[in-house]
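Let's take a walk through this structure, starting with its aromatic rings and moving on to helices, cysteines, strands and loops. Have the model open beside you as you read.

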Amino acid sequence: MRKMLAAVSRVLSGASQKSRHGFAMLPSLVSISRLKQSSHLGLPKCWDYSHSLKTRQASRVLVASRNFANDATFEIKKCDLHRLEEGPPVTTVLTREDGLKYYRMMQTVRRMELKADQLYKQKIIRGFCHLCDGQEACCVGLEAGINPTDHLITAYRAHGFTFTRGLSVREILAELTGRKGGCAKGKGGSMHMYAKNFYGGNGIVGAQVPLGAGIALACKYNGKDEVCLTLYGDGAANQGQIFEAYNMAALWKLPCIFICENNRYGMGTSVERAAASTDYYKRGDFIPGLRVDGMDILCVREATRFAAAYCRSGKGPILMELQTYRYHGHSMSDPGVSYRTREEIQEVRSKSDPIMLLKDRMVNSNLASVEELKEIDVEVRKEIEDAAQFATADPEPPLEELGYHIYSSDPPFEVRGANQWIKFKSVS
């Protein structure tokens with residue numbers, strides 16, 4: 001047994017040796033397997049954990065020894081334009097640092113949404129819950145194209161934007177489970193999350209669009225070089241209030257980027273059945289627009305930079321249509337396969353998945369290795385699991401805090417309850 005373990009140790013210690021190409025050599029799993037098979041006594045129980053740990057350490061040695069490229073240039077899909085002579089560039093540079101950051105953020109959003117699905121099915125999360133897995137390139141790409149001081153407002157599929165605007169997974173999941181440690185103290189739930197320069201999470205279809213125009217008005221009124229990203233879905237695109245907001249924003253030349261996340265289905269209705277014209281980027285008529293590949297984070301980033309620069313120059317609003325896709329149904333009550341086929345969903349997953357596209361680009365251009373990205377996957381999974389444990393163990397807010405936080409900085413006052421004899425104290 002001792003001789004066998006010494007042999008295993010020699011195989012694992014090979015991780016520190018260099019090949020003639022300058023790469024650290026990983027232990028041979030075939031050799032380990034043969035050693036395992038050759039033992040009549042079997043390996044000790046601690047061997048699996050020790051092997052896993054040493055393999056991960058060897059993987060880190062390999063990553064550290066690689067000479068990765070600092071950046072790479074990629075061709076991206078040309079945007080369709082409306083009332084614009086030129087649009088975003090068709091090539092872009094991705095740095096290794098940005099690529100790793102985008103990958104981690106998209107993977108975090110994906111895993112967070114899958115964990116929310118699990119918690120919902122366990123009846124730990126209750127009420128409405130709309131997941132955005134498949135649309136990660138939208139929330140991460142939009143954030144990559146603006147400044148932290150810029151503003152963003154969206155509809156009820158808001159978990160990804162809540163994360164990219166700066167809140168932690170722990171705060172988001174705790175809000176979903178209605179706990180005190182949630183970003184809205186457990187009183188907002190899935191559709192009502194807020195952060196600095198992030199205005200939700202709004203449950204009324206299309207109602208956030210006039211609010212977004214109002215935020216853009218505030219930016220212009222205060223003389224700040226800021227823009228507001230105002231998001232809505234293809235299902236809300238036929239709402240009259242959206243066209244009213246277009247009109248006012250154009251009249252007053254507001255720095256507002258109207259963004260239609262077109263995931264092809266408004267609830268269970270396909271865009272072809274719901275809209276006489278599915279060219280959502282042209283819906284602004286007198287407002288310039290562009291249609292963007294919403295499954296490619298680099299396309300989204302460059303289009304957002306272009307749109308933000310347009311607004312900051314004082315030319316007024318612009319409209320973006322992000323062509324994207326959600327893997328889940330409209331909400332957790334929708335299985336998502338009664339109005340589309342499983343084959344359709346699988347085809348999008350296999351050909352256009354935003355995380356897969358970024359991963360392939362980075363590996364093929366030597367910006368990262370498969371081992372390094374797998375290590376990020378492991379770290380993300382652990383972060384999500386830790387956050388989920390907190391979200392299920394944290395206490396619910398007490399009943400006496402029901403009226404708290406109505407205003408941000410007002411003195412305490414009383415709020416009437418369900419009848420005139422019930423009073424709640426409100427504290428900012």
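## Aromatic pairs

The structure has 5 aromatic pairs, where rings of Phe, Tyr and Trp (its six-membered ring) pair if their centres lie within 6.5 Å; planes under 30 degrees apart count as stacked, over 60 as edge-to-face and the rest as tilted. One of them joins Y246 and F258: the ring centres are 5.0 Å apart and the planes stand at 75 degrees, so this pair is edge-to-face. Y246 belongs to helix α9 (residues 240-251) and F258 to strand β6 (residues 256-262), so the contact ties together parts that are 12 residues apart in sequence. Helices (H or I, at least four residues) and strands (E, at least two) are DSSP runs, numbered from the N terminus. Both Y246 and F258 are buried, where buried means under 20% relative accessible area, exposed over 50%, and partly exposed in between (1.4 Å probe, protein chains only). Through ring pairs, F243, Y246 and F258 are linked into a cluster.

Y325 and Y327 also form an aromatic pair, and this one is tilted, with 6.5 Å from centre to centre and 55 degrees between the planes. Y325 is buried at a relative accessible area of 1%, and Y327 is buried at 6%.

## How the model is read

This is a predicted model, in which local features need pLDDT of at least 70 and side-chain atom pairs count only at pLDDT 80 or more, while totals for chains, interfaces and linings use all residues. Residues are numbered from 1 along each chain as its sequence is written, and side-chain values use heavy atoms, with hydrogens and water left out.

## Charges over rings

Which residue lies over the face of Y327? R349 does, at 4.0 Å from the ring centre. R361 lies over the face of F74, at 5.5 Å from the ring centre. A charge sits over a ring if NZ of Lys or CZ of Arg is within 6 Å of the ring centre and within 35 degrees of the ring normal.

## Helices α11 and α4

Helix α11 (residues 297-312) has 16 residues, which should span 22 Å at 1.5 Å a residue, and its end C-alpha atoms are indeed 22 Å apart. The expected span of a helix is 1.5 Å times one less than its number of residues. Of the 16 residues of α11, 13 are buried, so the helix is largely enclosed by the rest of the structure. At the N-terminal end of α11, D296 acts as a cap, with a side-chain oxygen 3.0 Å from the backbone nitrogen of L298. After α11 comes G314, which has a positive phi near 90 degrees.

The 26 residues of α4 should span 38 Å, and the end C-alpha atoms of α4 are 38 Å apart, which agrees. α4 is followed by K123, with a positive phi near 65 degrees.

## Loop residues

Most residues other than glycine have a negative phi. K123, though not a glycine, has a positive phi of about 65 degrees. K123 sits in the loop between α4 (96-121) and α5 (136-144) and is exposed at 60% relative accessibility. N366 also has a positive phi, near 65 degrees; N366 lies in the loop between α13 (354-364) and α14 (370-393) and is partly exposed, at 25% relative accessible area.

N202 is in the loop between α7 (169-176) and α8 (208-221), and counts as buried at 15% relative accessibility. The N202 side chain reaches the backbone oxygen of T154 at 3.1 Å, a polar contact being a pair of N or O atoms within 3.5 Å; within protein, one must be able to donate a hydrogen and the other to accept it, and residues adjacent in sequence count only if both atoms are side-chain atoms.

## Cysteines

How many disulfides does a search of the whole structure find? The search finds 0, a disulfide being a pair of cysteine sulfur atoms within 2.5 Å. The closest cysteine sulfur to that of C139 is in C132, 5.2 Å away, too far for a bond. C139 is buried, with a relative accessible area of 3%. C228 is in no disulfide either, as the nearest cysteine sulfur, that of C256, is 5.3 Å away; C228 is buried at 0%.

## Strands β11 and β12

Strand β11 (residues 413-416) pairs with β12 in the antiparallel sense over 4 bridges, where two strands pair if DSSP finds at least two bridges between them. A hairpin of 6 residues joins β11 to β12, and V415 has F424 of β12 as its bridge partner.

Side chains alternate along β12 (residues 423-426): F424 and S426 point to one face and are buried, while K423 and K425 point to the other and are not.
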